[in-house]
Number of protein chains: 2
Amino acid sequence: MRDRPSITDVAAHAGVSIKTVSRVVNAEASVLPATRARVDLSISELGYVPNSSARTLKSGVGDAVGVVIDTIADPFFAALVSVIETRALAEDMGVLFASTGFDEGRERDQLLRLAGQQVRGIILAPVAQDHGYLERYRASTPIVMVDRPRDTFDSVVVDDIRATRAAIDQFVRLGHTRIAFIGFDARFSTTTHRYEGYRQALAEHGIPLDHTLAPQAAAEVTDAKVATLGLFGLASPPTAIFAANPRAGIGVVDALHTTGHTGVAVISFGDFAFASVIRPAVSYIDQDPFHIGNAAIERLITLINEPGTQRKRIVLDTNLVARGSGEIRATA
Amino acid sequence: MRDRPSITDVAAHAGVSIKTVSRVVNAEASVLPATRARVDLSISELGYVPNSSARTLKSGVGDAVGVVIDTIADPFFAALVSVIETRALAEDMGVLFASTGFDEGRERDQLLRLAGQQVRGIILAPVAQDHGYLERYRASTPIVMVDRPRDTFDSVVVDDIRATRAAIDQFVRLGHTRIAFIGFDARFSTTTHRYEGYRQALAEHGIPLDHTLAPQAAAEVTDAKVATLGLFGLASPPTAIFAANPRAGIGVVDALHTTGHTGVAVISFGDFAFASVIRPAVSYIDQDPFHIGNAAIERLITLINEPGTQRKRIVLDTNLVARGSGEIRATA
DNA sequence: TTGAAAGCGCTACCAG
DNA sequence: CTGGTAGCGCTTTCAA
């Protein structure tokens with residue numbers, strides 16, 4: 001016997017044909033209980049594990065789903081991958097994980113590699129706008145976009161504009177007029193949509209847009225911190241800050257605590273570790289990765305099992321979770 | 001042409017044999033530049049992507065590494081997977097990700113599934129003590145244990161006992177004698193080792209062990225918080241707390257801030273989000289997941305490329321990072 | 001430098 | 001209920 005036993009070894013050991021072993025392994029009917037028992041015994045004695053490459057090659061369908069995201073170091077995506085894996089496992093599929101690092105070329109390489117690995121489907125947090133090169137594979141490999149929608153694909157997203165408007169509305173209701181927006185990053189439609197929500201809400205309330213309150217390129221922790229610190233050098237600093245993503249939220253709160261400006265109202269888009277511990281606890285827009293991940297993998301499984309299903313954009317609801325920091329009234 | 005072009009389609013399109021296409025795809029020498037160019041053109045025109053199943057089946061070696069961890073929702077493991085993926089990609093390998101959920105049965109299923117998927121090697125944060133069932137696969141699929149060592153396998157770990165002793169030593173040097181240990185979990189050798197370091201350090205300094213200061217089963221955020229709160233119901237509460245993992249650290253700090261005991265000294269094993277933002281910032285033992293992940297994937301690649309390499313346990317250094325909370329003197 | 005043919009382990013098809 | 005055989009797409013061996 002070779003390194004790893006093959007179906008042939010098992011068949012020889014059990015004294016049956018390979019086809020019978022195949023039937024047992026795939027739990028097909030029409031195998032005598034006695035035969036089945038004998039085969040099962042041989043399988044466990046030899047430690048046989050089916051060769052997934054051979055199976056995939058022959059059948060044309062793989063046994064894994066691909067998940068392509070910005071970076072797994074982001075807790076949002078970590079949670080997303082976690083639920084996807086759990087659900088995939090229940091369908092007897094593994095997870096091939098790949099990150100884009102926000103790079104379109106790398107995104108492309110990763111997607112094509114996954115296609116070559118015959119994944120059953122792909123969940124993608126897209127970077128590029130256009131994925132025309134995937135057209136050839138879509139028929140056999142359904143794709144669900146998460147976090148950022150793409151028109152010609154199924155997607156699972158939250159309504160960024162609406163959620164942000166609700167947050168800004170709350171600030172205005174509490175008397176704030178100097179409201180900052182931290183975390184803008186032109187590369188992502190999520191933050192541009194959130195900025196659009198910010199803009200709309202201000203316009204609706206007749207508050208003029210002040211560009212000094214919405215610094216660019218502040219989507220990462222350190223940038224957001226620096227940007228926030230900069231706000232307090234302004235002639236009239238903000239009394240409320242909207243953080244457009246959790247990393248920006250961390251930077252904003254860090255800056256406020258470092259400088260003692262803990263009376264400034266804060267709402268963060270997305271929860272982050274410790275947001276509930278700090279005082280005041282940080283209010284946030286609940287963009288639950290478990291919820292999103294679940295919807296995405298369910299959708300993908302549907303597309304796998306029922307090809308040709310009508311394309312769909314799934315928009316999940318968000319709540320504004322009050323924990324203190326977002327409920328601070330304007331003072332002056 | 002079928003759904004996806006195969007090497008045969010490319011060969012026909014370019015007017016060469018499949019072997020020549022294979023040579024081009026695998027960047028083998030001895031192909032005329034003109035021939036190579038023609039084949040490359042056909043490949044891009046047809047959108048050919050090599051079928052990884054066929055390649056794996058024929059060659060017997062896969063094109064992915066497996067990573068098996070407790071849960072990707074743990075930021076430590078998320079960072080670990082992140083570096084592993086980056087390095088694997090440089091070797092033209094993908095990452096098959098699987099979680100154990102701390103369950104031995106699931107660990108086993110996942111490992112056998114990965115074996116069936118012909119991964120080139122596996123990085124595993126082990127749950128079970130014994131992995132005898134893997135013996136058959138070890139020859140062809142090297143395995144590197146991370147975080148928790150296993151004697152018969154290569155492993156990459158930190159010296160838990162020594163690192164913890166250093167932390168407790170610092171507490172004693174600052175005058176503390178009532179030192180609590182939060183985050184014990186008998187299931188993991190890491191926390192039992194850390195507890196052992198705690199025990200040793202106290203013994204060395206002649207401080208009697210007080211079991212009420214080391215509550216059991218407090219390795220998760222909420223448990224740790226509850227356990228910490230419980231400490232302040234004691235006749236003589238602790239003046240210093242050692243948190244045995246980052247999640248315990250979050251729970252401890254949450255409890256201290258909730259109750260206003262911010263004068264209690266704290267050192268956490270492992271950094272966590274916001275540990276630097278809270279006041280006082282939390283001192284921690286630097287168990288850098290990037291460092292560990294790097295060492296693990298480098299080791300795995302060595303084992304893949306040079307089978308039969310002598311088994312090795314790699315112990316990484318840790319630093320005690322002073323940020324304030326660990327440097328608080330005993331008051332009474 | 002290029003090609004023809006065998007065969008990896010498995011499943012699908014068709015017989016018995 | 002069970003078995004033989006073809007062939008998935010590719011790499012490997014041997015020839016030309």
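## Contacts with DNA strand D

A polar side-chain atom of B:Asn26 sits 3.3 Å from a phosphate oxygen of DNA strand D. This is a predicted model. In chain A, an N or O atom in the side chain of A:Thr20 is 2.5 Å from a phosphate oxygen of DNA strand D. A base is reached too: a polar backbone atom of B:Ala54 lies 3.5 Å from a base nitrogen of the strand. Helix 2 (18-25) and helix 4 (52-59) of chain A, along with helix 2 (18-25) and helix 4 (52-59) of chain B, each give two or more residues to the surface near DNA strand D.

There are 24 residues around the strand; A:Thr20, A:Lys58, B:Ile7, B:Lys19 and B:Tyr48 come nearest. This surface holds nine nonpolar, eight polar and seven charged residues. On the DNA side, sugar or phosphate accounts for 64% of the strand D atoms within 4 Å of the protein, and bases for the rest.

## Two domains in chain A

Chain A is assigned domain 1 (54-158 + 289-318) and domain 2 (160-287 + 320-327). Their C-alpha centres are 31 Å apart.

## Where the domains meet

Twelve residues of domain 1 of chain A contact 13 residues of domain 2 of chain A. The two domains bury about 1,100 Å² between them, with 51% of it on carbon and sulfur atoms. A:Phe102, A:Val158 and A:Thr318 supply 48% of the area that domain 1 buries against domain 2, more than any other three residues.

Two salt bridges cross this interface. A:Arg162 and A:Asp317 meet through their side chains in a salt bridge (3.4 Å, N to O). Four residue pairs are in polar contact across the interface. The side of domain 1 that touches domain 2 has six nonpolar residues, one polar and five charged.

How values were computed:
Residues numbered from 1 in each chain as written. Chains lettered and ligands numbered in written order. Predicted model: local features only at pLDDT ≥ 70, side-chain atom pairs only at ≥ 80, totals over all residues. Heavy atoms only, no water. Near = heavy atom within 4 Å. Polar contact = N/O pair within 3.5 Å; in protein donor to acceptor, adjacent residues only side chain to side chain. Helix = DSSP H or I, 4+ residues; strand = E, 2+ residues; numbered from the N terminus. Nonpolar A, V, L, I, M, F, W, Y, C, P; charged D, E, K, R; others polar. Domains from an automatic or database assignment. Contact = heavy atoms within 4.5 Å. Buried area = accessible area lost by both parts, 1.4 Å probe. Salt bridge = Lys/Arg side-chain N within 4 Å of Asp/Glu carboxyl O.
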